[in-house]
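The exercises below are meant to be worked through with the sequence and the coordinates side by side. Try each task before reading its solution.

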Amino acid sequence: QVQLVESGGALVQPGGSLRLSCAASGSFFSIYTMGWYRQVPGKQREPVASISNGGRTNYADSVKGRFTVSRDNAKNTVYLQMNSLKPEDTAVYYCNADISSSGSYRPYWGQGTQVTVSS
């Protein structure tokens, strides 16, 4: 059974930094894209950043220049370094990964980790 386990969410002041981690575990063949989404109450979950197994990255316009996504393929882990945090970054952050465990890729989700930016 494949699992994504996130960590790193916390309460941080505006302008501060935080790093989220997400590790994939279980039995699988390979991971293609890994990334992060976020969701606030009453709104749809939105993509934040993603990285392919080849290292190609994509970012939402709202986080470009402030957030950096990276991954360690040996550890099956994706990271999100968040700098210059703003109150509007407050959300539950979800890890997402396209994982192949039986010949085809399917998306998996983590349980979510709360990030609160407030003074």
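A charge sits over a ring if NZ of Lys or CZ of Arg is within 6 Å of the ring centre and within 35 degrees of the ring normal. The model used throughout is a predicted one.

**Exercise 1. Find which arginines lie over the face of a tyrosine ring, and give the distance from the ring centre in each case.**

Solution. Start with Arg106, which lies over the face of Tyr108 at 3.9 Å from the ring centre. Then turn to Arg45, which is placed over the face of Tyr94, with 3.6 Å to the centre of that ring.

**Exercise 2. Determine how many disulfides there are, and state which cysteines are joined.**

Solution. Step one is the count, for which the cut-off is a pair of cysteine sulfur atoms within 2.5 Å; by this rule there is one disulfide. Step two is the identity of the partners: Cys22 is joined to Cys95, with an S to S distance of 2.0 Å. The link connects distant parts of the chain, since Cys22 belongs to strand E3 (residues 18-25) and Cys95 to strand E9 (residues 91-100), 73 residues apart. Step three is the handedness, and with -80° about the S-S bond the link of Cys22 and Cys95 is left-handed. Finally, both Cys22 and Cys95 are buried.

**Exercise 3. Establish how many aromatic pairs the whole structure holds, and classify the geometry of each.**

Solution. A search of the whole structure gives two aromatic pairs. In one of them, the ring centres of Tyr32 and Tyr105 are 6.2 Å apart and the planes stand at 55°, so the pair is tilted. This pair bridges distant parts of the chain, with Tyr32 in strand E4 (residues 30-39) and Tyr105 in strand E10 (residues 105-109), 73 residues apart. Tyr32 counts as partly exposed at 36% relative accessibility, and Tyr105 is partly exposed as well, with a relative accessible area of 44%.

The other pair has the rings of Tyr37 and Trp109 with centres 4.9 Å apart and planes at 70°, so the arrangement is edge-to-face. Here too distant parts of the chain are linked, Tyr37 lying in strand E4 and Trp109 in strand E10, 72 residues apart. Tyr37 is partly exposed at 26% relative accessible area, while Trp109 is partly exposed at 37%.

**Exercise 4. Decide whether Ser52 and Val92 are buried or partly exposed, and list their contacts beyond four places in sequence.**

Solution. Ser52 sits in the loop between strand E5 (46-51) and strand E6 (57-59). Its relative accessible area is 11%, and because buried means under 20%, Ser52 is buried. Apart from neighbours within four places in sequence, Ser52 is in contact with Tyr32, Thr33 and Arg71.

Val92 has its place in strand E9 and is partly exposed, with a relative accessible area of 22%. With the same exclusion of sequence neighbours within four places, the contacts of Val92 are Tyr37, Arg38, Gln39, Gly112, Thr113 and Gln114. For Thr113, the C-alpha to C-alpha distance from Val92 is 5.4 Å, although the two are 21 residues apart in sequence.

**Exercise 5. Identify which residues of the largest nonpolar core touch the most other members, and which element gives the most to this core.**

Solution. The largest nonpolar core has 30 residues, of which Trp36, Leu80, Met82, Tyr93 and Ile99 touch the most other members. Two or more residues come from each of E3, E4, E5, strand E7 (67-72), strand E8 (77-82), E9 and strand E11 (113-117). The most is given by E9, with five residues. As a last step, take Leu80: leaving aside neighbours within four places in sequence, its contacts include Leu20, Trp36, Val48, Phe67 and Tyr93.

Conventions:
Residues numbered from 1 in each chain as written. Predicted model: local features only at pLDDT ≥ 70, side-chain atom pairs only at ≥ 80, totals over all residues. Heavy atoms only, no water. Helix = DSSP H or I, 4+ residues; strand = E, 2+ residues; numbered from the N terminus. Buried < 20%, exposed > 50% of the residue type's maximum accessible area, 1.4 Å probe, protein only. Contact = heavy atoms within 4.5 Å. Phe/Tyr/Trp six-rings, centres within 6.5 Å; stacked < 30°, edge-to-face > 60°. Core = buried A, V, L, I, M, F, W, Y, C linked by side-chain atoms within 4.5 Å.
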